[in-house]
Amino acid sequence: MNDTDRIISKQLRFVIAVSCFCLFAFGCSASGGNTSSSAEASQFTVPVQAGDLESKDIDESSGLAVSQCQENVLWTHNDSGGGPYLYAIDGTGRHLGTWRVEGAKNIDWEDLAMQKTPADECVIFIGDFGNNDGVSRKPVVYRVVEPMIDGNSSRSTKKDPLTTARTEALAFEYPDGYHDAEALLVHPATGDIYVVTKTLSDPATVYKLRPKFGSTSVQTAEKIASVKLPSVPQGSVTGGDISADGKRLVLVDYGAAYEFTLPPLSLNFDEIWNREPIRFEIGKREQGETVAYAGDGEAIVATSEGKHSPLWVVGRIRK
(Lines give C-alpha, C1' and ligand atoms only; values in the text may rest on other atoms or scores of the structure.)
Protein backbone atom coordinates (compact mmCIF):
# COMPACT_ATOMS: atom_id res chain seq x y z
CA MET A 1 0.00 0.00 0.00
CA ASN A 2 1.48 3.39 -1.02
CA ASP A 3 1.22 6.70 0.84
CA THR A 4 -1.71 7.92 -1.26
CA ASP A 5 -3.70 4.77 -0.51
CA ARG A 6 -3.00 5.18 3.21
CA ILE A 7 -4.13 8.80 3.14
CA ILE A 8 -7.39 8.03 1.33
CA SER A 9 -8.20 5.04 3.51
CA LYS A 10 -7.33 6.96 6.68
CA GLN A 11 -9.37 9.96 5.61
CA LEU A 12 -12.46 7.91 4.77
CA ARG A 13 -12.17 5.97 8.02
CA PHE A 14 -12.03 9.37 9.71
CA VAL A 15 -15.26 10.30 7.93
CA ILE A 16 -16.83 7.09 9.23
CA ALA A 17 -15.66 7.76 12.78
CA VAL A 18 -16.86 11.37 12.79
CA SER A 19 -20.17 10.44 11.19
CA CYS A 20 -20.75 7.65 13.69
CA PHE A 21 -20.04 10.08 16.55
CA CYS A 22 -22.55 12.44 14.94
CA LEU A 23 -25.06 9.61 14.70
CA PHE A 24 -24.88 8.61 18.34
CA ALA A 25 -24.53 12.12 19.75
CA PHE A 26 -26.92 14.07 17.55
CA GLY A 27 -29.03 11.58 15.59
CA CYS A 28 -27.43 12.31 12.21
CA SER A 29 -28.09 10.23 9.12
CA ALA A 30 -27.14 6.57 9.05
CA SER A 31 -28.82 3.51 7.64
CA GLY A 32 -28.67 -0.05 8.82
CA GLY A 33 -31.31 -1.45 6.47
CA ASN A 34 -32.16 -5.14 6.52
CA THR A 35 -29.10 -7.21 7.36
CA SER A 36 -28.88 -10.72 5.94
CA SER A 37 -27.29 -12.24 9.04
CA SER A 38 -25.43 -11.12 12.15
CA ALA A 39 -22.28 -12.93 11.00
CA GLU A 40 -22.25 -11.09 7.71
CA ALA A 41 -23.25 -7.73 9.17
CA SER A 42 -20.50 -7.93 11.79
CA GLN A 43 -17.82 -7.65 9.09
CA PHE A 44 -18.89 -4.14 8.06
CA THR A 45 -19.91 -0.94 9.80
CA VAL A 46 -23.38 0.52 9.52
CA PRO A 47 -23.59 2.68 6.36
CA VAL A 48 -22.91 6.34 7.19
CA GLN A 49 -23.90 9.28 5.02
CA ALA A 50 -20.68 11.26 4.56
CA GLY A 51 -22.42 14.03 2.61
CA ASP A 52 -24.45 14.87 -0.50
CA LEU A 53 -23.29 15.39 -4.07
CA GLU A 54 -22.94 19.15 -4.27
CA SER A 55 -22.97 19.70 -8.04
CA LYS A 56 -26.41 20.26 -9.53
CA ASP A 57 -25.05 18.86 -12.80
CA ILE A 58 -24.86 15.35 -11.30
CA ASP A 59 -28.41 14.03 -11.46
CA GLU A 60 -27.88 10.36 -12.38
CA SER A 61 -24.66 9.20 -10.72
CA SER A 62 -24.22 5.88 -12.49
CA GLY A 63 -20.52 5.11 -12.04
CA LEU A 64 -18.00 5.72 -9.29
CA ALA A 65 -14.23 5.37 -8.89
CA VAL A 66 -11.78 6.48 -6.19
CA SER A 67 -8.49 7.99 -7.30
CA GLN A 68 -5.33 6.10 -6.41
CA CYS A 69 -3.12 9.07 -7.37
CA GLN A 70 -4.83 12.03 -5.69
CA GLU A 71 -5.83 12.43 -2.07
CA ASN A 72 -9.56 12.42 -1.32
CA VAL A 73 -10.71 12.50 -4.95
CA LEU A 74 -13.59 10.46 -6.39
CA TRP A 75 -15.01 10.43 -9.92
CA THR A 76 -18.56 9.94 -11.17
CA HIS A 77 -20.66 10.50 -14.30
CA ASN A 78 -24.29 10.68 -15.38
CA ASP A 79 -26.24 7.95 -17.12
CA SER A 80 -27.37 7.97 -20.77
CA GLY A 81 -28.19 11.42 -22.09
CA GLY A 82 -25.84 13.05 -19.60
CA GLY A 83 -23.10 13.83 -22.10
CA PRO A 84 -19.43 12.74 -22.04
CA TYR A 85 -18.55 14.39 -18.72
CA LEU A 86 -16.60 13.26 -15.67
CA TYR A 87 -17.23 14.93 -12.32
CA ALA A 88 -14.68 15.04 -9.52
CA ILE A 89 -15.91 15.12 -5.92
CA ASP A 90 -14.30 14.71 -2.51
CA GLY A 91 -15.20 12.26 0.25
CA THR A 92 -18.10 14.42 1.39
CA GLY A 93 -19.55 15.05 -2.08
CA ARG A 94 -18.05 18.53 -2.53
CA HIS A 95 -17.61 19.56 -6.18
CA LEU A 96 -13.99 19.53 -7.37
CA GLY A 97 -14.42 19.97 -11.11
CA THR A 98 -16.06 18.94 -14.39
CA TRP A 99 -14.24 17.55 -17.44
CA ARG A 100 -15.47 16.81 -20.93
CA VAL A 101 -13.94 13.52 -22.06
CA GLU A 102 -12.15 14.25 -25.30
CA GLY A 103 -13.02 11.84 -28.11
CA ALA A 104 -15.79 9.98 -26.27
CA LYS A 105 -19.56 9.75 -26.67
CA ASN A 106 -22.05 8.95 -23.93
CA ILE A 107 -24.53 6.59 -25.53
CA ASP A 108 -25.25 4.84 -22.23
CA TRP A 109 -22.40 5.18 -19.74
CA GLU A 110 -22.92 2.82 -16.82
CA ASP A 111 -19.77 2.47 -14.71
CA LEU A 112 -16.22 3.62 -13.99
CA ALA A 113 -13.05 1.82 -12.93
CA MET A 114 -9.63 3.09 -11.90
CA GLN A 115 -6.16 1.62 -12.41
CA LYS A 116 -2.76 2.83 -11.28
CA THR A 117 -0.14 1.89 -13.87
CA PRO A 118 3.44 0.74 -13.14
CA ALA A 119 4.49 4.29 -14.12
CA ASP A 120 2.42 5.64 -11.18
CA GLU A 121 -0.11 7.17 -13.57
CA CYS A 122 -3.81 6.71 -12.94
CA VAL A 123 -6.22 5.98 -15.75
CA ILE A 124 -10.02 5.99 -15.68
CA PHE A 125 -12.05 3.36 -17.55
CA ILE A 126 -15.59 4.22 -18.69
CA GLY A 127 -18.11 1.53 -19.58
CA ASP A 128 -20.45 2.61 -22.38
CA PHE A 129 -22.44 -0.60 -22.58
CA GLY A 130 -25.92 0.00 -21.16
CA ASN A 131 -28.57 -1.59 -23.36
CA ASN A 132 -31.96 -1.76 -21.65
CA ASP A 133 -33.77 -2.07 -24.97
CA GLY A 134 -31.62 -4.90 -26.30
CA VAL A 135 -30.78 -3.04 -29.51
CA SER A 136 -28.00 -3.89 -31.92
CA ARG A 137 -25.01 -1.77 -30.89
CA LYS A 138 -21.32 -2.24 -30.30
CA PRO A 139 -20.48 -1.61 -26.63
CA VAL A 140 -17.34 0.39 -25.87
CA VAL A 141 -14.91 0.80 -22.99
CA TYR A 142 -13.01 4.09 -22.93
CA ARG A 143 -9.69 4.72 -21.19
CA VAL A 144 -8.41 8.18 -20.31
CA VAL A 145 -5.63 9.58 -18.13
CA GLU A 146 -7.04 10.87 -14.86
CA PRO A 147 -7.21 14.69 -14.83
CA MET A 148 -5.38 16.45 -12.03
CA ILE A 149 -7.27 18.61 -9.56
CA ASP A 150 -5.96 22.11 -8.88
CA GLY A 151 -7.14 25.24 -7.11
CA ASN A 152 -9.18 26.42 -10.10
CA SER A 153 -10.83 23.19 -11.26
CA SER A 154 -13.81 23.57 -8.91
CA ARG A 155 -14.94 26.55 -11.00
CA SER A 156 -15.62 24.29 -13.99
CA THR A 157 -19.18 23.16 -14.75
CA LYS A 158 -21.02 21.23 -17.44
CA LYS A 159 -21.61 24.54 -19.25
CA ASP A 160 -17.96 25.53 -18.92
CA PRO A 161 -15.96 22.30 -18.50
CA LEU A 162 -12.29 21.51 -18.56
CA THR A 163 -11.10 18.93 -21.11
CA THR A 164 -9.36 15.62 -20.51
CA ALA A 165 -6.55 14.15 -22.55
CA ARG A 166 -7.81 12.34 -25.62
CA THR A 167 -9.39 9.02 -24.79
CA GLU A 168 -8.62 5.55 -26.16
CA ALA A 169 -11.46 3.24 -27.11
CA LEU A 170 -11.96 -0.52 -27.02
CA ALA A 171 -14.97 -1.64 -29.06
CA PHE A 172 -16.19 -5.14 -28.30
CA GLU A 173 -18.96 -7.62 -28.88
CA TYR A 174 -20.39 -10.49 -26.87
CA PRO A 175 -20.01 -14.03 -28.24
CA ASP A 176 -23.70 -14.78 -27.68
CA GLY A 177 -25.80 -11.81 -28.77
CA TYR A 178 -26.69 -8.51 -27.12
CA HIS A 179 -26.73 -7.80 -23.39
CA ASP A 180 -27.46 -5.01 -20.97
CA ALA A 181 -24.56 -4.42 -18.58
CA GLU A 182 -23.97 -1.87 -15.80
CA ALA A 183 -20.84 -3.11 -14.00
CA LEU A 184 -17.25 -2.48 -15.11
CA LEU A 185 -14.28 -3.84 -13.16
CA VAL A 186 -10.55 -3.65 -13.96
CA HIS A 187 -7.89 -5.82 -12.36
CA PRO A 188 -5.28 -3.55 -10.73
CA ALA A 189 -2.26 -5.61 -11.83
CA THR A 190 -3.16 -7.15 -15.19
CA GLY A 191 -5.53 -4.47 -16.48
CA ASP A 192 -7.97 -7.21 -17.50
CA ILE A 193 -11.47 -5.79 -17.95
CA TYR A 194 -14.60 -7.47 -16.60
CA VAL A 195 -18.13 -6.62 -17.70
CA VAL A 196 -21.03 -8.01 -15.66
CA THR A 197 -24.46 -8.15 -17.26
CA LYS A 198 -27.72 -7.09 -15.65
CA THR A 199 -30.73 -9.36 -15.89
CA LEU A 200 -34.03 -9.72 -14.05
CA SER A 201 -34.63 -13.37 -14.90
CA ASP A 202 -31.29 -15.20 -14.72
CA PRO A 203 -27.92 -15.05 -12.96
CA ALA A 204 -25.56 -12.34 -14.19
CA THR A 205 -22.90 -13.27 -16.73
CA VAL A 206 -19.27 -12.18 -16.47
CA TYR A 207 -17.31 -11.36 -19.63
CA LYS A 208 -13.59 -10.68 -19.84
CA LEU A 209 -11.72 -8.35 -22.20
CA ARG A 210 -8.01 -7.95 -22.88
CA PRO A 211 -6.85 -4.35 -22.31
CA LYS A 212 -6.02 -3.69 -25.96
CA PHE A 213 -7.05 -0.13 -26.77
CA GLY A 214 -6.79 1.87 -29.97
CA SER A 215 -7.34 -1.04 -32.36
CA THR A 216 -9.74 -0.63 -35.26
CA SER A 217 -10.91 -4.22 -34.82
CA VAL A 218 -13.75 -5.27 -32.55
CA GLN A 219 -12.73 -7.59 -29.72
CA THR A 220 -14.93 -10.56 -28.82
CA ALA A 221 -15.42 -10.77 -25.06
CA GLU A 222 -14.77 -14.08 -23.32
CA LYS A 223 -17.60 -15.52 -21.24
CA ILE A 224 -15.97 -16.76 -18.02
CA ALA A 225 -18.59 -17.11 -15.28
CA SER A 226 -22.16 -16.79 -14.05
CA VAL A 227 -22.93 -15.01 -10.79
CA LYS A 228 -25.95 -15.55 -8.53
CA LEU A 229 -26.41 -12.83 -5.96
CA PRO A 230 -28.13 -13.85 -2.70
CA SER A 231 -31.11 -11.67 -3.59
CA VAL A 232 -34.21 -11.52 -5.74
CA PRO A 233 -33.63 -11.12 -8.63
CA GLN A 234 -30.28 -12.91 -8.64
CA GLY A 235 -28.60 -11.09 -11.50
CA SER A 236 -29.65 -7.45 -11.28
CA VAL A 237 -26.08 -6.15 -10.98
CA THR A 238 -25.78 -2.36 -11.26
CA GLY A 239 -22.12 -1.68 -10.40
CA GLY A 240 -18.85 -3.19 -9.24
CA ASP A 241 -15.20 -2.70 -8.32
CA ILE A 242 -12.02 -4.65 -7.51
CA SER A 243 -9.90 -3.79 -4.47
CA ALA A 244 -6.44 -2.31 -5.07
CA ASP A 245 -4.74 -5.49 -3.83
CA GLY A 246 -6.75 -7.65 -6.23
CA LYS A 247 -8.05 -9.92 -3.45
CA ARG A 248 -11.66 -8.78 -3.29
CA LEU A 249 -14.43 -7.52 -5.51
CA VAL A 250 -17.75 -5.90 -4.71
CA LEU A 251 -20.99 -5.85 -6.70
CA VAL A 252 -24.20 -3.94 -5.99
CA ASP A 253 -27.81 -4.16 -7.01
CA TYR A 254 -30.63 -1.83 -6.05
CA GLY A 255 -30.96 -3.45 -2.63
CA ALA A 256 -27.51 -4.13 -1.16
CA ALA A 257 -23.81 -4.84 -1.77
CA TYR A 258 -22.04 -8.20 -2.13
CA GLU A 259 -18.35 -8.85 -1.54
CA PHE A 260 -16.42 -11.77 -3.06
CA THR A 261 -13.02 -12.82 -1.69
CA LEU A 262 -10.30 -14.65 -3.61
CA PRO A 263 -9.37 -18.04 -2.14
CA PRO A 264 -6.16 -17.99 -0.06
CA LEU A 265 -3.00 -18.67 -2.10
CA SER A 266 -4.97 -18.54 -5.37
CA LEU A 267 -2.96 -17.41 -8.39
CA ASN A 268 -5.98 -17.15 -10.70
CA PHE A 269 -8.18 -14.13 -10.07
CA ASP A 270 -11.02 -15.59 -12.11
CA GLU A 271 -11.63 -18.14 -9.34
CA ILE A 272 -13.18 -15.31 -7.33
CA TRP A 273 -16.37 -15.44 -9.40
CA ASN A 274 -17.14 -18.92 -8.04
CA ARG A 275 -16.97 -17.81 -4.41
CA GLU A 276 -20.00 -17.27 -2.17
CA PRO A 277 -20.42 -13.52 -1.59
CA ILE A 278 -21.13 -11.75 1.69
CA ARG A 279 -24.15 -9.46 1.58
CA PHE A 280 -24.04 -6.13 3.43
CA GLU A 281 -25.97 -2.86 3.52
CA ILE A 282 -24.70 0.09 1.51
CA GLY A 283 -27.17 2.82 2.54
CA LYS A 284 -30.56 4.12 1.44
CA ARG A 285 -30.37 4.90 -2.26
CA GLU A 286 -33.10 6.17 -4.55
CA GLN A 287 -31.59 4.14 -7.38
CA GLY A 288 -28.22 2.70 -6.47
CA GLU A 289 -25.91 1.93 -9.38
CA THR A 290 -22.44 2.69 -8.02
CA VAL A 291 -19.87 1.23 -5.66
CA ALA A 292 -16.10 1.64 -5.26
CA TYR A 293 -13.30 0.64 -2.91
CA ALA A 294 -11.31 3.37 -1.24
CA GLY A 295 -7.55 3.12 -0.73
CA ASP A 296 -6.56 -0.29 0.59
CA GLY A 297 -10.10 -1.67 0.54
CA GLU A 298 -10.88 -0.84 4.16
CA ALA A 299 -13.74 1.44 3.11
CA ILE A 300 -16.43 1.15 0.44
CA VAL A 301 -18.33 4.12 -1.00
CA ALA A 302 -21.56 4.41 -2.98
CA THR A 303 -23.84 7.06 -4.48
CA SER A 304 -27.33 7.12 -5.93
CA GLU A 305 -29.13 8.60 -8.89
CA GLY A 306 -31.01 11.85 -8.29
CA LYS A 307 -29.82 15.42 -7.70
CA HIS A 308 -27.77 16.01 -4.56
CA SER A 309 -27.89 12.30 -3.79
CA PRO A 310 -26.23 10.93 -0.64
CA LEU A 311 -22.66 9.67 -0.54
CA TRP A 312 -22.51 6.56 1.64
CA VAL A 313 -19.44 5.09 3.32
CA VAL A 314 -19.11 1.61 4.84
CA GLY A 315 -16.03 0.51 6.79
CA ARG A 316 -14.57 -2.94 7.27
CA ILE A 317 -14.41 -4.20 10.86
CA ARG A 318 -11.13 -5.91 11.69
CA LYS A 319 -11.30 -8.54 14.42
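What follows is a dialogue about reading a predicted model, moving from the whole chain to single pairs of residues.

Me: Where should I begin with this predicted model, and how many helices and strands does the chain have?

Reply: A sensible start is the inventory of secondary structure, which here comes to two helices and 22 strands. Alongside that inventory one can set the burial of the chain, in which 57% of the 319 residues count as buried, and its accessible surface, which comes to about 13,600 Å², with 49% of that belonging to carbon and sulfur atoms.

Me: What share of the contacts with a separation of 6 or more is made by residues 24 or more positions apart?

Reply: The idea is to ask how far along the sequence the partners of a contact lie, and in this chain residues 24 or more positions apart account for 59% of the contacts with a separation of 6 or more.

Me: How do I read a run of paired strands, and which strands pair with E18?

Reply: One reads such a run strand by strand, noting the sense of each pairing and the residues that face each other. Strand E17, residues 248–252, pairs with E18 in the antiparallel sense over five bridges, and a hairpin of four residues joins E17 to E18. Within that pairing leucine 249 stands opposite phenylalanine 260. E18 also pairs in the antiparallel sense with strand E19, residues 278–280, over three bridges, and there tyrosine 258 stands opposite arginine 279. E18 itself, residues 257–261, is mostly covered, since four of its five residues are buried.

Me: Is glutamate 271 buried or partly exposed, and where does it lie?

Reply: Glutamate 271 lies in the loop between E18 and E19 and is partly exposed, because its relative accessible area of 34% falls between the limits of 20% and 50%. Leaving aside residues up to four places away in sequence, glutamate 271 touches Pro263 and Ser266. The C-alpha atoms of glutamate 271 and isoleucine 224, residues that are 47 apart along the chain, are separated by 9.8 Å.

Me: How should I read the two faces of a strand, taking E21 as the case, and which way do its residues point?

Reply: One sorts the side chains by direction and then looks at the burial of each group. In strand E21, residues 299–302, Ala299 and Val301 point one way while Ile300 and Ala302 point the other way, and all are buried. E21 pairs in the antiparallel sense with strand E20, residues 292–294, over three bridges, with valine 301 as the bridge partner of alanine 292. The hairpin of E20 and E21 has four residues between the strands, and glycine 295 takes a positive phi near 50 degrees in it. E21 also pairs with strand E22, residues 310–315, in the antiparallel sense over four bridges, where alanine 302 stands opposite tryptophan 312.

Me: How many disulfides does a search of the whole structure find, and what do they link?

Reply: For a disulfide one notes the sulfur distance, the handedness, and the places of the two cysteines. The search finds one disulfide, formed by cysteine 69 and cysteine 122 with their sulfur atoms 2.2 Å apart, and the link is right-handed, with 90 degrees about the S-S bond. This pair links distant parts of the chain, as cysteine 69 is in the loop between E2 and E3 and cysteine 122 is in strand E7, 53 residues apart. Cysteine 69 is partly exposed at 23% relative accessibility, whereas cysteine 122 is buried at 4%.

Me: What does the side chain of asparagine 72 reach?

Reply: Asparagine 72 is in the loop between strand E2 and strand E3, and is buried, with a relative accessible area of 17%. The side chain of asparagine 72 reaches the backbone nitrogen of glycine 91 at 2.9 Å.

Me: How many aromatic pairs are there, and why is the pair of phenylalanine 44 and phenylalanine 280 given the class it has?

Reply: The count comes to eight aromatic pairs. The rings of phenylalanine 44 and phenylalanine 280 have their centres 4.0 Å apart and their planes at 15 degrees, so the pair is stacked. Phenylalanine 44, in the loop between helix H2 and strand E1, and phenylalanine 280, in strand E19, are 236 residues apart, and they are buried at 5% and 3% relative accessibility respectively. By contrast, the rings of tryptophan 75 and tryptophan 99 have their planes at 65 degrees and their centres 5.3 Å apart, so that pair is edge-to-face. Ring pairs also link Tyr194, Phe260, Phe269 and Trp273 into a cluster.

How values were computed: Residues are numbered from 1 along each chain as its sequence is written. This is a predicted model: local features need pLDDT of at least 70, side-chain atom pairs count only at pLDDT 80 or more; totals for chains, interfaces and linings use all residues. Side-chain values use heavy atoms; hydrogens and water are left out. Buried means under 20% relative accessible area, exposed over 50%, partly exposed in between (1.4 Å probe, protein chains only). A polar contact is a pair of N or O atoms within 3.5 Å; within protein, one must be able to donate a hydrogen and the other to accept it, and residues adjacent in sequence count only if both atoms are side-chain atoms. Two strands pair if DSSP finds at least two bridges between them. A disulfide is a pair of cysteine sulfur atoms within 2.5 Å. Contact means heavy atoms within 4.5 Å. Accessible areas come from the Shrake-Rupley method with a 1.4 Å probe; for residues, only the protein chains shown count as cover. Rings of Phe, Tyr and Trp (its six-membered ring) pair if their centres lie within 6.5 Å; planes under 30 degrees apart count as stacked, over 60 as edge-to-face and the rest as tilted.
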